[in-house]
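I opened the notebook to look up one chain from end to end. The entries follow the order in which I checked things.

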Amino acid sequence: MPKLSALVAYRATEDGHRDEAWRRRVLPYLTLVADEVIVEAPAPAGDGSPDDFNKPAAINRARARATGDVLLVADAATHPGDVGAMVRLLRREHQPAVAM
């Protein structure tokens with residue numbers, strides 16, 4: 001079976017809503033279904049404001065560290081049920097990438 005790497009671009013929020021969803025729902029599920037979970041935060045350049053967040057750049061940095069045969073790009077607010085559907089599709093199709 002191909003190795004699955006979950007790539008996540010993560011940015012914390014001031015109100016903590018995304019953080020709570022990430023910690024309690026998304027991360028535990030990704031940890032169960034993926035062989036590795038790689039989380040990339042905002043780029044170190046800039047002042048750290050939300051405007052500095054570059055999701056494509058964070059995903060590219062995560063990809064550079066990934067060792068999986070198959071990549072799943074998730075979001076900190078991705079619904080676990082959607083993750084499960086993506087994982088089933090990725091494992092069944094044995095494709096290097098699938099978008100949902």
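Before placing any residue in an element, I wrote down what a helix is here: a DSSP run of H or I with at least four residues, numbered from the N terminus. I also noted that the model is a predicted one.

**Entry 1: the whole chain.** I counted 3 helices and 3 strands in the protein chain. Read from the N terminus, the elements go β-α-β-α-β-α. The chain has 100 residues, and 36% of them count as buried. I looked up the accessible surface of the chain and got about 6000 Å², with 53% of this belonging to carbon and sulfur atoms. I then took the contacts between residues at least 6 apart in sequence and found that 70% of these join residues at least 24 apart.

**Entry 2: the sheet.** In what order do the 3 strands form the sheet? I read the order as 2-1-3, in an open sheet with parallel pairing. Strand 2 (36-40) and strand 3 (70-75) are at the edges, and each has a single partner strand, so one side of each has no neighbour in the sheet. From one strand to the next the twist averages 25 degrees. I reminded myself that strands of a sheet pair through backbone hydrogen bonds, either parallel or antiparallel. Next I checked the pairing of strand 1 (residues 4-9) with strand 2: they run parallel and are joined by 5 bridges. As one position to look at, I noted that Ser 5 stands opposite Glu 36 in strand 2.

**Entry 3: helix 1.** This helix covers residues 17-33, which is 17 residues. I found 24 Å from its first C-alpha to its last, close to the 24 Å expected at 1.5 Å a residue. Where does helix 1 bend? I found a bend of about 45 degrees at Arg 23. The buried residues I listed in helix 1 include Trp 22, Val 26, Leu 30 and Val 33. Asp 19 and Ala 21 are buried too. I added a general note: an α-helix has 3.6 residues a turn, so residues three or four places apart point the same way.

**Entry 4: Tyr 29.** I located Tyr 29 in helix 1. Is Tyr 29 buried or partly exposed? Its relative accessible area is 27%, and buried would require under 20% while exposed would require over 50%, so Tyr 29 is partly exposed. I then looked for residues that Tyr 29 touches, leaving out those up to four places away in sequence, and found Pro 80, Val 83 and Gly 84. Pro 80 is 51 residues from Tyr 29 along the chain, yet their C-alpha atoms are separated by 6.4 Å.

Methods:
Residues numbered from 1 in each chain as written. Predicted model: local features only at pLDDT ≥ 70, side-chain atom pairs only at ≥ 80, totals over all residues. Heavy atoms only, no water. Helix = DSSP H or I, 4+ residues; strand = E, 2+ residues; numbered from the N terminus. Buried < 20%, exposed > 50% of the residue type's maximum accessible area, 1.4 Å probe, protein only. Contact = heavy atoms within 4.5 Å. Areas by Shrake-Rupley, 256 points an atom, 1.4 Å probe, with all protein chains shown as cover. Pairing = 2+ DSSP bridges. Axes fitted to C-alpha atoms, helices over the stretch in contact; angles between N-to-C directions. Expected span 1.5 Å × (residues − 1). Bend = angle between axes of the 7 residues up to and from the residue.
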